[in-house]
Amino acid sequence: MKLKLIKELKMKQTIDRVDALRHIMKENGVDAFITPSTDPHSGEYVPSHWESRAWISGFTGSAGTAVVTTDKAALWTDSRYFLQAEDQISGTGYVLMKDKIEGTPTVAQWLGETLPKGSTVAIDGWVNTVTAVEDLKAELSIYGLNLNTGVEPYGKIWTDRPKLPVDEVLIQPLELAGETAASKIGRIRAEGIKSGADAVLVSMLDEVAWTLNLRGSDIEFNPVFVSYLLITADKATLYINQAKLTAEVSAYLKAEGVDTKPYGEIESDLRNLACKVLVQPDKTNYAVYACLQNPVRKDCPVSTMKIMKNEAEIRGYHSAMLKDGLAMVTWMKW
């Protein structure tokens, strides 16, 4: 009986949340809103602050897309979560769309069949990559639908939304990193110049952490911290919540030639940056990209640099594999 009451409460919460979203949609003149599982940094796992899809749908799996129109709602997820999703969205008005299963329409196809021509579909440009936005816009245009990338409803309707983490950032010792942050920044800057850019914007959290030899705990089981890194011809700037920086970390960054600014200032700084900035479209959110006057669309050099391990990193991998193997054998014996 208790479990039934809990499920009914969660069901009602989801229905109320969808109603609140529809109110925001009406205020903004949009006919559908798409909520992905991503955050502004395109990570597979995100801080609870950006778990909007789970909040609006009630489905807590790591992958999925929720779509709400004025009178319908649908949830796309993959085969790992079919049973879980069916259970969690039961009675909420959501229909389960079994992604990549024959006969299941894409989000754009479903919207094209559901909405009349001339309707407007909205997304939040901060949590969708450039590539995702451009692909969606092209698909929707086939059905005569428009795309609005400037709607962010959850700041208004998610009243108890978790704040972004403020846990302190830690320094990865040089004996484990194998290369200084200053050296990495120099190599990234050189690769940017080769690509015809004057600056490089690093958006992926793991790439920022690797470049600066820093580690964080903003996402469970992922040693990263919410931030952007902008490397120009003469300086590097880390955009991060300043409360996360200890005196030791601040001194370390200064010694490596890295300035720091509040996380929220990335937008205004990019708008005022006239030089050519290298961005990777499938790793950079659309809102940030739209701030750039002269974007250079190329793969981020950090992606390639990260996979070429130095001796210290190789030792670290061997150590991790030994510990993991020991844990596995212990578990199998148990």
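What follows is a short walk through one sheet of this model, its neighbours and a loop residue. The model is predicted, so to speak of local features takes pLDDT of at least 70 and side-chain atom pairs count only at pLDDT 80 or more, while totals for chains, interfaces and linings use all residues. Residues are numbered from 1 along each chain as its sequence is written, and side-chain values use heavy atoms, with hydrogens and water left out.

Let's start with the sheet. Six strands make up an open, mixed sheet, in the order β12-β11-β10-β8-β13-β14. Strands here are DSSP E runs of at least two residues, helices are H or I runs of at least four, and both are numbered from the N terminus; two strands pair if DSSP finds at least two bridges between them. β12 (258–261) and β14 (294–297) sit at the edges with a single partner strand each, so one side of each has no neighbour in the sheet. On average, neighbouring strands are turned by 25 degrees against each other, direction ignored (axes are lines fitted to C-alpha atoms, for helices over the stretch in contact, and angles run from 0 to 180 degrees between N-to-C directions).

At one edge, β11 (236–239) runs parallel to β12 over four bridges, with Y239 partnered by K261 of β12. Helix α9 (205–212) packs on the sheet, touching β8, β10, β11 and β12 (contact means heavy atoms within 4.5 Å).

At the other edge, β13 (276–279) and β14 are also parallel, over four bridges, and K276 faces N294.

Away from the sheet, E44 lies in the loop between β1 and α2.
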